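Subject: Handover of a structure and its findings

Dear colleague,

Please find the structure below, followed by an account of what was found in it. I would be grateful if you kept it open while reading.

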Amino acid sequence: MDNAIELSPDKITITVLAHEQYDNPDHLSPSTVPTNPLDLFRQWFTSVQGSVREPEAMALSTASVHGIPSTRIVLLKEVDNRGFIFYTNYDSRKSREMDANPYASLSLYWREVHQQVRVVGRVEKVSKEQSEAYFRSRPLGSRIGAWASHQSAVIAEGELDQKVKQIEERFGVNEADIPLPDHWGGWRVLPSEVEFWVGKPSRLHDRIRYLRRECSPADSPEWTIERLSP
């Protein structure tokens, strides 16, 4: 059933009246899931290809040094043996917050299959070589945009178009001539907590949480796996 809403007479308050029942047939158990959450994530991510639209879209939450949070959608670009990688402008609000407070959380929600993954962990920048390799794979327009946009800064109407033209004049339209900007690159979220959620009827969901054991090595961490109440 699609959501139904009700507007108050003054059209200020929105009330959600109905919601479809979650009903994923899969069952999660601490005794049967892989010992490493990245392995389970790879299984899930591979399985939803073709059935979930843009499964790489994820909510990234950061916080200032004063604890003020901010959230936005970014795109997952790689999962390696250390964590989850995305790319962005290093002068953006999210990057400034991660520089000052090097922790973040991720959430991926796949509505079509009633599955969700939540990640919490420390962040680090990927190597310049890794950022350059990904930057070269981007379309021409995206590479120009990385130079033209001072992400999160206030700009005047039409200013961005002017900057794009300036970058095109500076580098031309040959992709090979557009280098990686110093202010752009990748971040990796190194998970200390990963939760997998499967939607069930009557909100009696399956929830499995991995907690990284303290002092375990970064490249081969050990995990405690627990079931959480829905």
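A residue is called buried when its relative accessible area is under 20%, exposed when it is over 50%, and partly exposed in between. Asp 206, at 8% relative accessibility, is therefore counted as buried. Please note that the model is predicted.

**Overall picture**

The protein chain contains five helices and eleven strands. Its C-alpha trace spans about 60 × 60 × 40 Å along the principal axes. Of its 230 residues, 40% count as buried. The accessible surface comes to about 13,100 Å², and 50% of it belongs to carbon and sulfur atoms. Among contacts between residues at least 6 apart in sequence, 62% join residues at least 24 apart. The chain carries 28 positive and 33 negative charges, and the mean positions of these two groups are 2 Å apart.

**Nonpolar cores**

The largest nonpolar core has 31 residues. Those with the most contacts inside it are Phe 41, Trp 44, Phe 86, Trp 110, Val 117, Phe 196 and Tyr 210. At least two residues of this core come from each of helix 1, strand 3, strand 6, strand 7, strand 8, strand 9 and strand 10. Strand 9 supplies the largest share, five residues. A second, separate core has 14 residues, including Tyr 87, Val 126, Ile 178 and Leu 180.

**Salt bridges**

How many salt bridges does a search of the whole structure find? The search finds 14. Three individual pairs and one network may serve as examples.

In the pair formed by Arg 227 and Asp 206, the closest N and O atoms are 3.1 Å apart. This salt bridge links distant parts of the chain, since Arg 227 is in strand 11 and Asp 206 is in strand 10, 21 residues apart. Asp 206 is the buried residue introduced above, with 8% relative accessibility, whereas Arg 227, at 38%, counts as partly exposed.

Lys 163 and Glu 159 form another salt bridge, again with 3.1 Å between the closest N and O atoms. Both belong to helix 5 (residues 159-171), and because they are four residues apart there, about one helical turn separates them. Is Lys 163 buried or partly exposed? Its relative accessibility is 18%, so Lys 163 counts as buried. Glu 159 has a relative accessible area of 23% and is therefore partly exposed.

In the third pair, the side chains of Arg 213 and Glu 222 meet at 3.7 Å, N to O. Arg 213 is partly exposed at 41% relative accessibility, and Glu 222 is partly exposed at 45%.

Finally, a network of salt bridges links Asp 80, Arg 82, Glu 124 and Arg 188.

**Backbone angles in two loops**

Which residue in the loop between helix 1 (37-47) and strand 3 (57-63) deserves a look? It is Glu 54, which has a positive phi of about 50 degrees although it is not a glycine. Glu 54 is partly exposed, with 45% relative accessibility.

Arg 203 lies in the loop between strand 9 (184-198) and strand 10 (206-212). Arg 203 is not a glycine either, yet its phi is positive, at about 65 degrees. Its relative accessible area of 36% makes Arg 203 partly exposed.

Yours sincerely,

A colleague

Conventions. Residues are numbered from 1 along each chain as its sequence is written. This is a predicted model: local features need pLDDT of at least 70, side-chain atom pairs count only at pLDDT 80 or more; totals for chains, interfaces and linings use all residues. Side-chain values use heavy atoms; hydrogens and water are left out. Buried means under 20% relative accessible area, exposed over 50%, partly exposed in between (1.4 Å probe, protein chains only). A salt bridge is a side-chain nitrogen of Lys or Arg within 4 Å of a carboxyl oxygen of Asp or Glu. A nonpolar core is a set of buried Ala, Val, Leu, Ile, Met, Phe, Trp, Tyr and Cys residues joined through side-chain atoms within 4.5 Å. Contact means heavy atoms within 4.5 Å. Accessible areas come from the Shrake-Rupley method with a 1.4 Å probe; for residues, only the protein chains shown count as cover. Lys and Arg count as positive and Asp and Glu as negative; His and the chain ends are not counted. The place of a charge is taken as NZ of Lys, CZ of Arg, CG of Asp or CD of Glu.
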